[in-house]
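Colleague: Please show me the model. I have some questions about its strands and its cores.

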Amino acid sequence: MRALSVEEPKFQVDYEPEEEEVVEEEVLGPWHPKAIEMIETIWGKGFNMPGGPQHVLTLAKPFALDNQMNLLDISSGMGGGTIAVSSQFGCYATLLENVPELAEISQRNIDMSEVRSKIKLQEFDPAKIALKANSFDCILTREFLFRTEDKTRMLRTIKRAMRMYGQLSLTDFMLASDKEPSPSLKKWIETDPFPIHLWSVERYENEIEALGLDVRVSEDISKEYHVYMTRAFQSFIDRYQEGKIKASKNQLPILMGEVERWARLAALLEAGEVKLHRYFALKPVKA
């Protein structure tokens with residue numbers, strides 16, 4: 001499979017409605033159960049972004065979590081990531097979600113999981129977030145802060161909520177530089193259904209340094225994430241062509257829109273204009 005490109009889509013799905021489909025179907029909203037079903041068809045049960053359990057467990061592994069530790073996950077999505085971490089390591093988790101519809105989906109997935117008694121879901125407003133000081137052993141935020149305008153306040157709140165020697169695992173999309181954005185970057189920002197507020201890598205580095213955390217890892221993981229995306233796309237295409245995915249006429253636009261949206265980001269990651277960066281840091285005694 002060659003690199004994804006906004007200008008040159010790498011797949012084509014032909015849809016031929018079955019003869020019995022004579023009744024005009026309703027237009028699905030983004031949170032309709034049939035729309036969510038299609039999103040999970042691409043990314044996996046409980047996920048609305050690339051990587052699935054492999055990505056989140058890789059990010060959480062350095063925490064060395066156990067059943068006595070408390071995790072804060074500021075990247076709910078549809079709950080799959082937090083469920084995977086709690087299931088794997090036996091930890092307790094608090095899950096924050098700022099989109100009410102996603103919070104409802106996450107809660108439903110949590111309630112159906114075997115670790116439902118260990119996960120607490122809370123809705124929150126990123127602009128007004130307030131967390132109890134020194135309350136979490138580990139904090140995980142995956143590809144979320146780029147949608148938050150006041151990241152400085154969020155980062156300070158996160159640091160305050162970390163216990164002494166607490167750990168932070170953070171990934172976020174960042175601009176490679178402060179130069180004028182390309183038409184492809186502008187299109188991604190303008191067409192994405194959620195707000196996008198990108199910092200440059202340099203700005204992020206300065207803000208993280210100002211927090212006074214002990215940064216142990218600072219690395220570009222764009223290539224790994226791009227692999228997650230292309231594998232998911234290819235798996236989706238293969239399953240569709242093999243007849244393993246059945247999409248009704250009104251579900252097909254959801255599928256195509258989801259793939260096209262992430263294909264734009266995949267192209268930006270490959271071009272190097274946008275990066276996915278990872279930080280792993282500890283809260284020192286005097287921080």
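Colleague: Which handedness does the β-α-β unit of β2, helix α4 and β3 have?

Modeller: This is a predicted model, in which local features need pLDDT of at least 70, side-chain atom pairs count only at pLDDT 80 or more, and totals for chains, interfaces and linings use all residues. Residues are numbered from 1 along each chain as its sequence is written, and side-chain values use heavy atoms, with hydrogens and water left out. Helices (H or I, at least four residues) and strands (E, at least two) are DSSP runs numbered from the N terminus. Parallel strands β2 (residues 92–97) and β3 (residues 119–123) are joined by five bridges, where pairing takes at least two DSSP bridges. With the strands pointing away from the viewer, a clockwise path from the first strand over the helix to the second counts as right-handed, and the unit with α4 (residues 100–111) is right-handed.

Colleague: Which element gives the most to the largest nonpolar core?

Modeller: A nonpolar core is a set of buried (under 20% relative accessible area, 1.4 Å probe, protein chains only) Ala, Val, Leu, Ile, Met, Phe, Trp, Tyr and Cys residues joined through side-chain atoms within 4.5 Å. The largest has 43 residues, with F236 and L255 among those with the most contacts inside it. Elements supplying at least two residues each include β5 (162–175) and α8 (222–241). With 10 residues, the element giving the most is α9.

Colleague: Is Q167 buried or exposed?

Modeller: Q167 lies in strand β5. Among its contacts (heavy atoms within 4.5 Å) are P62, F63, D137 and F280, not counting residues up to four places away in sequence. Because its relative accessibility is 11%, Q167 counts as buried.

Note on methods: Buried < 20%, exposed > 50% of the residue type's maximum accessible area, 1.4 Å probe, protein only.
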